Amino acid sequence: MSKALTLKSSYPPGDFAIWIVIYIELLTFGLFFVGYAFSRRLNIQMFNDSQLFLNKTAGFIDTLILITSSYFIVKAIQSIKNSNKINLHISSAIASKWLLATMIFGGVFLVNKLLEFSDIFAQGFSLSTNTFFMFYLLLTMFHFMHVLLGTIIIFTIRQKTQRLGYTSADYSGMETGAVYWHLVDLLWIVLFTLIYILR
């Protein structure tokens with residue numbers, strides 16, 4: 001009982017290693033963001049003109065998709081946290097459905113992003129077009145890879161959930177995946193604001 005309470009009250013959530021990964025990711029993206037802001041300051045007009053070719057609606061939809069998917073994974077964790085020996089099978093089935101929804105939304109984000117990349121390339125833009133599109137493509141493609149990895153991680157977590165691998169006393173692995181997914185969500189919100197919106 002005391003062990004269960006200790007695990008439930010552990011903070012920060014998830015494995016310690018994931019927080020090291022998060023600090024590294026925040027530092028990496030942070031350097032990209034600073035580089036973007038500095039370069040933009042040197043040629044604001046070119047950045048603003050180039051930004052007009054981006055599909056803000058698609059970017060906004062992507063934002064809604066990731067925020068919603070973060071909600072889904074929180075619901076999956078809640079299902080496991082509220083489980084007990086009697087209803088573990090039902091709680092795991094519910095959590096599995098929430099995780100499936102998270103994966104589907106992650107997949108929709110990836111497809112939407114591929115369509116956006118296709119449109120950008122069809123317009124003749126590439127990494128060498130100018131500094132704006134260099135940052136745009138590098139940042140969004142780098143983030144794309146993170147969403148892809150996150151979707152694979154959630155798939156693995158879902159597999160374990162279906163095998164009743166998580167309980168109310170031990171769901172750290174699921175929290176670890178959720179923390180990573182929230183990081184991906186947070187990075188996109190900053191990226192969307194900085195590249196699609198800020199003028």
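How many nonpolar, polar and charged residues does the lining of the largest pocket have? The tour ends at that pocket, after a walk through the helices that come before it.

**Whole chain**

Start with the full chain in cartoon view. This is a predicted model. The chain holds seven helices and zero strands, and reading along the sequence gives the pattern α-α-α-α-α-α-α. Turn the C-alpha trace along its principal axes and the spans come to about 60 × 30 × 20 Å.

**Helix 2 and helix 6**

Select residues 16-42 for helix 2 and residues 131-162 for helix 6. The axes of this pair come within 10 Å and cross at roughly 165°. That angle is over 145 degrees, so helix 2 is roughly antiparallel to helix 6. Helix 2 passes helix 6 in a left-handed crossing.

Now show side chains at the contact. On helix 2, pick E25, T28, F29, F32, F33, G35, Y36 and S39. On helix 6, the partners to pick are T131, F132, F135, L139, F142, H143 and H146. Colour this contact by class, and the residues divide into eight nonpolar, six polar and one charged.

**Helix 4 and helix 5**

Next, select residues 56-81 for helix 4 and residues 88-122 for helix 5. The two pack at an angle of about 165°, and their axes are 8 Å apart. Helix 4 is therefore roughly antiparallel to helix 5. Viewed across the pair, helix 4 passes helix 5 in a left-handed crossing. By class, their contact has 16 nonpolar, eight polar and four charged residues.

**Helix 4 and helix 7**

Keep helix 4 selected and add helix 7, residues 172-197. Are helix 4 and helix 7 roughly parallel or antiparallel to each other? Their axes come within 10 Å and cross at roughly 160°, so the two helices are roughly antiparallel. The crossing of helix 4 and helix 7 is left-handed. Colouring the contact of helix 4 with helix 7 by class gives 17 nonpolar, six polar and four charged residues.

**The largest pocket**

Finish by switching on a pocket display. The largest pocket has a volume of about 250 Å³. It is lined by 14 residues, and those closest to its centre are P13, E175, A178, V179 and H182; select these five to centre the view.

Which helix gives the most to the lining of the largest pocket? Helix 7 does, with six residues. Helix 2, helix 4 and helix 7 each supply at least two residues of the lining, so leave these three helices visible and hide the rest if the view is crowded.

Last, colour the lining by class to settle the opening question. The lining of the largest pocket has ten nonpolar, two polar and two charged residues. Of the residues closest to the pocket centre, E175 falls in the charged class, while P13, A178 and V179 fall in the nonpolar class.

Terms used: Residues numbered from 1 in each chain as written. Predicted model: local features only at pLDDT ≥ 70, side-chain atom pairs only at ≥ 80, totals over all residues. Heavy atoms only, no water. 1 Å grid on protein atoms, 1.4 Å probe; cavity = no way out; pocket = protein on both sides within 12 Å on 5 of 7 lines; lining within 4 Å. Points joined across faces, edges and corners; volume = space filled by probe spheres on them. Helix = DSSP H or I, 4+ residues; strand = E, 2+ residues; numbered from the N terminus. Axes fitted to C-alpha atoms, helices over the stretch in contact; angles between N-to-C directions. Parallel < 35°, antiparallel > 145°, perpendicular 65-115°, else oblique. Left-handed = near helix turned anticlockwise from the far one by under 90°. Contact = heavy atoms within 4.5 Å.
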